[in-house]
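Let's take a walk through this structure together, from the overall outline down to single residues. Have the model open beside you and turn it as we go.

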Amino acid sequence: MSLRWKIFSVYFVILIVSLASTGIYLFNNIYESYLNNERVTNLTQANMIANLVSNFIGVSSYLIEPTIVDYSKQINSRVLFTDVNGKVVVDSAGNGELEGKDINSYSDVRAALKGSGSTSIHYISGSGWTMYAAVPVTAKNDIVGSILLSTSIDDVMGFLNTIKMQMIYTFTAIGSIVSILSLIVADFITKPLKRLTDATKVISEGKFDYKVNIKGSDEIGKLAESFNEMGTKLMKIDDERKRFVSDASHELKTPLAAIKALVEPLISNENIDISLYKEFLRDINDEVDRMTRLVNELLVLARMDKINSIKNKTENISEIAYNVIENLEAIAKNKGVSLVFDSDEKIFADVDADRFYRMIYNVVENGIKYTPEGGSVTLKLSCDDKNVYIKIADTGIGISQETLPKVFERFSRGDTARSQKTGGFGLGLAIVKEIVDLHKGHIDVKSTVGKGTEFDITIPVKNI
Ligand SMILES: Nc1ncnc2c1ncn2[C@@H]1O[C@H](COP(=O)(O)OP(=O)(O)OP(=O)(O)O)[C@@H](O)[C@H]1O
Ligand SMILES: [Mg+2]
């Protein structure tokens, strides 16, 4: 069942139940109040006749019949007077048709002969709706008979029926109008949802730039807004992915082309000196190493993309940083670059040790790579209660202002780096940035061309 019909059905059921119960309650109240009125009137009249009759009993009994007949004409009701056994003594109707008959079977008469007034309503074919009202007749505190009044209440019942029909018509009309309105409301609520569902389909087909046009500050409006934001983000991610794949394949093509260029002359020329063979094979080996390094870095990045959280442990990060310096010492020495390490002995923070090592390694390695002979690279660690601060500064070639904002992007390389044929892929700092983000930290870079570069990394101490 669609949401539209669910909303409508709920509305409809609530409506029907509330209208029907209100209707029944109202009608019952009106019905009871009208009929009570009628009961009271009839019982009062029956009592008046019973009083008259009881005055005549034993004194002037001959007046009983004419009085009853006369009274019955005035109040427009049939009046029956029974003795104490329920046998009719006087019947005001026609020619006293029930006189001499026993009507003790009438429950109202039986009740009256036991001393209490009683009424009941009957439908009598030929006469229509009729109310019986019976009361006892007493003489000297003894019940000597009963008076039974039979009055037509056709007009009252007709009136009540008219009210009932009018209520049914009115409530049906209200019900229909509210049902139509609830259908419109259900439509109003579900249409934007339908549009959002359609939009999801469009997005799932890869059209990430598709936007739903739903305005408003309600929940659905906000949902549409987030949906559009999601589309924009997906588009960005998709663009990044495409660029990443094309950059990666381009990077892989370069060593492959170099290998091919080295292999082809070896195949086509017959009498090649063995030393040349060896030289070419060494070059091929270098290219294979380069490719392996690239594939490894791509794997690191791909793995990083898959993780959203890392398993941190409290580690002595000054020790990890010192290991980086130790392992890069030889490379720095070869290049004639001095490495300076400045840190307290023990600085602890919740980090993923391997990734943290790699983060510092990549930045320090860059420092060595992009600093000419005679320069220096400094790694400084400090901390307070909240964060640890890692500063890596070099006296190298620096990064131009145009390149600076892009250094953390994948495959971003400064022109200087290319011209120097340093052989980097432009992935090292992208990996650093991912690791900093995984540790909920922050990285900043400042640089002056020709003077040097400084990276400042801040990592929260508590990160578990
Ligand atoms: N300390 C630095 N001094 C000058 N330029 C730098 C420095 N660090 C990074 N860069 C510039 O930023 C670019 C991106 O650095 P990144 O480490 O991401 O790539 P890479 O070093 O070229 O290659 P690799 O993927 O091997 O690390 C570098 O190519 C270089 O131009
Ligand atoms: Mg690098």
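A good place to begin is the interior: buried residues make up 39% of the 464 residues in the protein. Please keep in mind that this is a predicted model. Its secondary structure comprises ten helices and twelve strands. The radius of gyration is 53 Å, well over the 23 Å that the globule rule gives for 464 residues, so the protein is more spread out than a compact globule. The outline agrees with that picture: along the principal axes, the C-alpha atoms fill a box of roughly 160 × 55 × 35 Å. Contacts across the sequence are also worth a look. Among those between residues at least 6 apart in sequence, 63% join residues at least 24 apart.

Now let's follow one of the helices. H4 covers residues 154–204, which is 51 residues, and spans 72 Å from its first C-alpha to its last, close to the 75 Å expected at 1.5 Å a residue. Along the way, H4 bends by about 30° at threonine 190, and proline 192 follows within four residues. After the end of H4 comes glycine 206, with a positive phi near 100°.

Two other helices each offer a residue to visit. Asparagine 42 sits in helix H1, which runs over residues 3–56. Is asparagine 42 buried or exposed? With a relative accessibility of 2%, asparagine 42 counts as buried, since the cut-off for that class is under 20%. Leaving aside residues up to four places away in sequence, asparagine 42 touches Met131, Ala133, Leu149 and Thr151. Of the strands, S4 spans 128–139 and S5 spans 142–152, and the loop between S4 and S5 holds lysine 140. Lysine 140 has a positive phi near 50° despite being a residue other than glycine. Lysine 140 is exposed, at a relative accessible area of 82%.

From there, make a long jump to proline 265, in helix H5 (residues 219–268). How far apart are proline 265 and lysine 140 in space, C-alpha to C-alpha? The separation is 148 Å, while in sequence the two residues are 125 apart. Proline 265 counts as partly exposed, at 25% relative accessibility. Its contacts, not counting residues up to four places away in sequence, are Ile272 and Phe280.

Next comes the sheet. Five strands form an open sheet with mixed pairing, in the order S7-S9-S10-S12-S11. Strand S7 (338–343) and strand S11 (442–448) stand at the edges, and because each has a single partner strand, one side of each is left without a neighbour in the sheet. From one strand to the next, the twist averages 10°.

One of the inner strands leads to another unusual backbone angle. Phenylalanine 411 lies in the loop between strand S10 (387–394) and helix H9 (415–419). Phenylalanine 411 is not a glycine, yet has a positive phi of about 65°. Phenylalanine 411 is buried, with a relative accessible area of 9%, whereas lysine 140 is exposed.

At the S11 edge, look at how the strand meets its partner. S11 and strand S12 (residues 452–460) pair in the antiparallel sense over seven bridges. Among the bridge partners, lysine 446 is matched with glutamate 454, and serine 447 with threonine 453. The two strands form a hairpin with three residues between them, and glycine 450 in the turn has a positive phi of about 85°.

In a regular strand, side chains alternate between the two faces of the sheet. S11 has a covered face made of Ile443, Val445 and Ser447, and an uncovered one made of His442, Asp444, Lys446 and Thr448.

Helix H10 (residues 428–438) packs on the sheet, touching S11 and S12, and its direction makes about 145° with that of S11. H10 is mostly covered, with eight of its eleven residues buried. The buried residues include Leu429, Ile431, Val432 and Leu438. Just after H10, lysine 440 takes a positive phi of about 55°.

Technical notes
Residues are numbered from 1 along each chain as its sequence is written. Chains are lettered from A and ligands numbered from 1 in the order in which they are written. This is a predicted model: local features need pLDDT of at least 70, side-chain atom pairs count only at pLDDT 80 or more; totals for chains, interfaces and linings use all residues. Side-chain values use heavy atoms; hydrogens and water are left out. Two strands pair if DSSP finds at least two bridges between them. Axes are lines fitted to C-alpha atoms, for helices over the stretch in contact, and angles run from 0 to 180 degrees between N-to-C directions. Contact means heavy atoms within 4.5 Å. The expected span of a helix is 1.5 Å times one less than its number of residues. The bend at a residue is the angle between axes fitted to the seven residues ending there and the seven starting there. The radius of gyration is taken over C-alpha atoms; the globule rule is 2.2 Å times the number of residues to the power 0.38. Buried means under 20% relative accessible area, exposed over 50%, partly exposed in between (1.4 Å probe, protein chains only).
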